[in-house]
Structures are given as C-alpha cells and as structure tokens.
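The following exercises are to be worked with the sequence and the coordinates at hand. Each task is followed by a solution in steps.

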Amino acid sequence: MLKVKGLELGFDITAPEDLHRYLDAAKAMDDAAAEAPPLPRAEVLATRDGLQEYTAYIEGQCKLLTDFVDAAFGDGTCNALLSPKTSLDGLLDVVDALREAVAAQGQQAGERLAAYMPNRATQGEK
C-alpha cells in the first residue's frame, strides 16, 4: 500500500504487475510528450497568440501528467489527489508526492530484502 497526501493507493513496488503498469505509463507519457505543444519562446508570450500557445502548452502538460498518474496508479487517482482546481503546479505537487512515496516504499523494500541477502564480506571467512 502506498500512502500519498492522505490517500492509500494499491501500489506495491515489489509487485511485478504494478511495476509493469508504472513503466508502461511512463513510456506512454514519453511517447505522448513528443506530440505535445512546445513551450513558447519568452518574447512571444507577451502577445495574444503567445498566450494562446502558452495555454496549449499548459493544457498539454496537464494531460500528460494526469494520464500518467491515472495509468500508473489507477483511474481517478489524479482527481482524488488534486484540489478542485487543476493546475500544472498542483499536478507537479502530486507527481512529486508520488515520486517521494514510491522512493520511500522502494527504500523500505530494499532494507527488508537486505536482511535476507548473504553477507558477501564474510562468506569467504569460513
């Protein structure tokens, strides 16, 4: 179980099915990012067209992150973790919280697995 922002998610870093889902979601996000609108140049942002390009960029980034979170952690996860107003800043907070929780779960699993690993330094001393 993974706990993020007070919500328990059914993700286990030691479960192959969950890892495959996470990796597939990351690949899908990378593939979709190639088609996402680019960040407009700073000098263009002061114009109406530049602001429209910026809006398209923000919408594209929000879709990339929302799709990733829902694909990796289950449909509806992103909405459950976000405040009522979707923003790129809020989505980045969600992704940061998920990354930290996954890393902590991985650390804990690694420590637990280490207890079952032979001590290579003392193996040759018998």
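**Exercise 1. Charge and conventions**

Task: determine how many positive and negative side chains the protein chain has, and how far apart the centres of the two sets lie.

Solution. The protein chain carries 12 positive and 21 negative side chains. Lys and Arg count as positive and Asp and Glu as negative, while His and the chain ends are not counted. Each charge is placed at NZ of Lys, CZ of Arg, CG of Asp or CD of Glu. With these places, the centres of the two sets are 4 Å apart.

The model is predicted: local features need pLDDT of at least 70, side-chain atom pairs count only at pLDDT 80 or more, and totals for chains, interfaces and linings use all residues. Residues are numbered from 1 along each chain as its sequence is written, and side-chain values use heavy atoms, with hydrogens and water left out.

**Exercise 2. Fold and dimensions**

Task: state the order of the elements from the N terminus on, and set the radius of gyration of the protein chain against that of a compact globule of 126 residues.

Solution. Step one: the protein chain contains 5 helices and 2 strands (DSSP runs, H or I of at least four residues for helices and E of at least two for strands, numbered from the N terminus). Their order is β-β-α-α-α-α-α.

Step two: the radius of gyration is taken over C-alpha atoms, and the globule rule is 2.2 Å times the number of residues to the power 0.38. A compact globule of 126 residues would come near 14 Å, whereas the protein chain has 20 Å.

Step three: along its principal axes, the C-alpha trace spans about 75 × 30 × 20 Å.

**Exercise 3. Salt bridges**

Task: find how many salt bridges the structure holds, and describe those of Lys-27, Arg-41 and Arg-99.

Solution. Step one: the structure holds 5 salt bridges (a side-chain nitrogen of Lys or Arg within 4 Å of a carboxyl oxygen of Asp or Glu).

Step two: Lys-27 pairs with Asp-31 at 2.9 Å, N to O. Both residues lie in helix α1 (residues 16-33), 4 residues apart, about one turn of the helix. Asp-31 is partly exposed, at 44% relative accessible area (buried means under 20%, exposed over 50%, partly exposed in between, with a 1.4 Å probe and protein chains only).

Step three: Arg-41 and Glu-43 form a salt bridge at 2.7 Å, N to O. Arg-41 is exposed at 54%, and Glu-43 is likewise exposed at 55%.

Step four: Asp-96 meets Arg-99 at 2.6 Å, N to O. This pair belongs to helix α4 (residues 88-114), with the partners 3 residues apart, about one turn of the helix. Asp-96 is partly exposed, at 31%.

**Exercise 4. Burial in helix α4**

Task: decide whether Leu-91 is buried or exposed, and list its contacts beyond neighbours within four places in sequence.

Solution. Step one: Leu-91 lies in helix α4 and has a relative accessible area of 0%, so this residue counts as buried.

Step two: its contacts (heavy atoms within 4.5 Å) are Cys-62, Leu-65, Thr-66, Cys-78, Leu-82 and Thr-86, leaving aside neighbours within four places in sequence.

Step three: Leu-91 and Lys-63 are 28 residues apart in sequence and 9.8 Å apart in space, C-alpha to C-alpha. Gly-90, also in helix α4, is buried at 18%. Gly-90 and Cys-62 are 28 residues apart in sequence, with 9.5 Å between their C-alpha atoms.

Step four: for the whole protein chain, buried residues make up 28% of the 126 residues.
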